[in-house]
Amino acid sequence: MQAQDKEVDGGLLPDGKEASPSAQAEGSKWQRPKFSRKSLMKCCLVKWIIASTTQQGPGNSIDSDLELSMVRHQPEGLEQLQAQTQFTRKELQSLYRGFKNECPSGLVDEETFKTIYSQFFPQGDATMYAHFLFNAFDMDRSGAIRFEDFVVGLSVLLRGSVTEKLRWAFNLYDINKDGYITKEDMLAIMTSIYDMMGRYTLPSVREDSPYEHVEKFFQKMDRNRDGVVTMDEFIDTCQKDESIMSSMQLFENVI
């Protein structure tokens with residue numbers, strides 16, 4: 001990922017290294033994604049949606065706008081979501097069909113996130129990472145994620161600019177949402193990622209790796225040495241330091 005503020009491709013899991021649920025080997029439901037952009041299928045959350053959509057079959061040509069009345073939470077119109085995201089209308093329709101099938105109420109809860117990531121990373125413990133990621137999507141702290149929030153977040157992660165992605169990453173690391181990242185915040189996120197990746201990843205992960213990452217990040221990011229990192233410090237340091245941008249790929253690899 002290059003440190004320049006432009007739209008970049010959303011390849012989040014490197015080819016050949018992505019973990020997959022056992023269901024992936026059972027049939028062809030993963031082989032024909034609805035999206036033309038191959039990178040979309042490297043995102044666990046999108047795979048979860050696409051699997052549900054494919055299980056339903058190709059469906060008919062009824063416009064997804066007509067389906068919105070079938071759920072208790074009624075999302076915004078597709079035109080408005082298309083304007084707010086980088087997704088096409090067809091992509092939004094496919095995402096919505098899968099989302100509705102998995103979450104008939106129109107809302108997704110934290111337990112669903114935990115289930116998704118436990119399927120894609122069965123070799124580790126995804127509980128805490130799923131908790132932190134859910135909170136990053138659940139902006140209003142309601143305990144449930146609406147379809148609108150879901151696709152807006154995915155749009156940033158998959159097709160946003162470098163700055164937009166870094167702002168989203170800052171929000172993930174800012175656990176208590178006070179506008180600052182502490183060492184404790186970053187260590188909690190890093191540890192949850194390593195816990196989820198498991199002990200059998202290649203190359204193998206040492207137990208002190210999360211701590212080493214945090215120390216390295218803070219030494220460069222906390223410029224005024226006040227013990228916290230602001231969003232400006234975070235974004236500016238990441239964009240100017242190639243080694244940190246490379247390390248940030250660890251975060252992108254597990255969305």
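## A first look at a predicted helical model

Of the 255 residues of this protein, 50% count as buried, where buried means under 20% relative accessible area, exposed over 50% and partly exposed in between, with a 1.4 Å probe and protein chains only. This is a predicted model, in which local features need pLDDT of at least 70, side-chain atom pairs count only at pLDDT 80 or more, and totals for chains, interfaces and linings use all residues. Residues are numbered from 1 along each chain as its sequence is written, and side-chain values use heavy atoms, with hydrogens and water left out.

How confident is the predictor? Its confidence in each residue is called pLDDT and runs from 0 to 100. The mean pLDDT of the protein is 75, with 65% of the residues reaching 70 or more. Over residues 1-41 the pLDDT is below 50, and this stretch has 91 contacts in the model beyond near neighbours in sequence; a contact means heavy atoms within 4.5 Å. Residues 58-72 also have pLDDT below 50, with 29 contacts beyond near neighbours in sequence.

The protein has 12 helices and four strands. These are DSSP runs numbered from the N terminus, with helices (H or I) of at least four residues and strands (E) of at least two. Taking the contacts between residues at least 6 apart in sequence, 69% join residues at least 24 apart.

**Helices that pack together**

Let us turn to two helix pairs. Helix 8 (residues 183-197) and helix 9 (residues 209-221) pack at an angle of about 140°, with their axes 9 Å apart. Axes here are lines fitted to C-alpha atoms, for helices over the stretch in contact, and angles run from 0 to 180 degrees between N-to-C directions. The angle makes helix 8 oblique to helix 9; under 35 degrees would count as roughly parallel, over 145 as roughly antiparallel and 65 to 115 as roughly perpendicular, and the rest are oblique. On the helix 8 side, the contact includes Met 186, Leu 187 and Tyr 194, while on the helix 9 side it includes Tyr 211, Phe 217 and Met 221. The crossing of helix 8 and helix 9 is right-handed, a term used if the near helix is turned clockwise from the far one by less than a right angle, and left-handed if anticlockwise.

Helix 5 (residues 127-137) packs against helix 7 at an angle of about 125°, with the axes 8 Å apart. That makes helix 5 oblique to helix 7. Phe 132, Leu 133, Ala 136 and Phe 137 of helix 5 meet Trp 168, Asn 171 and Leu 172 of helix 7. Helix 5 passes helix 7 in a right-handed crossing.

**Aromatic rings**

How many aromatic pairs does a search of the whole structure find? It finds 12, counting rings of Phe, Tyr and Trp (its six-membered ring) with centres within 6.5 Å; planes under 30 degrees apart count as stacked, over 60 as edge-to-face and the rest as tilted. The rings of Phe 99 and Phe 150 have their centres 5.4 Å apart and their planes at 45°, so this pair is tilted. It links distant parts of the chain, with Phe 99 in helix 3 (residues 89-102) and Phe 150 in helix 6 (residues 147-159), 51 residues apart. Both Phe 99 and Phe 150 are buried.

Another pair is formed by Phe 170 and Phe 234, with ring centres 5.7 Å apart and planes at 65°, so it is edge-to-face. Here too distant parts of the chain are linked: Phe 170 is in helix 7 (residues 162-173) and Phe 234 in helix 10, 64 residues apart. Phe 170 is buried at a relative accessible area of 3%, and Phe 234 is buried at 0%.

One aromatic cluster is formed by Trp 48, Tyr 96, Phe 99, Phe 113, Phe 134, Phe 137, Phe 147, Phe 150 and Trp 168.

**Some residues in helices and loops**

The table sets out four residues with their places and accessibility.

| Residue | Place | Relative accessibility |
|---|---|---|
| Glu 79 | helix 2 (residues 78-84) | 49%, partly exposed |
| Lys 177 | loop between helix 7 and strand 3 (180-182) | 26%, partly exposed |
| Arg 225 | loop between helix 9 and strand 4 (228-230) | 56%, exposed |
| Asp 232 | helix 10 (residues 231-240) | 60%, exposed |

Phi of Lys 177 is near 55°, a positive value in a residue other than glycine. Arg 225 likewise has a positive phi, near 55°, and is a residue other than glycine. The C-alpha atoms of Glu 79 and Arg 89 are separated by 7.4 Å, with the two residues 10 apart along the chain. For Asp 232 and Met 221, 11 residues apart along the chain, the C-alpha separation is 9.5 Å.

Methods: pLDDT = per-residue confidence, 0-100.
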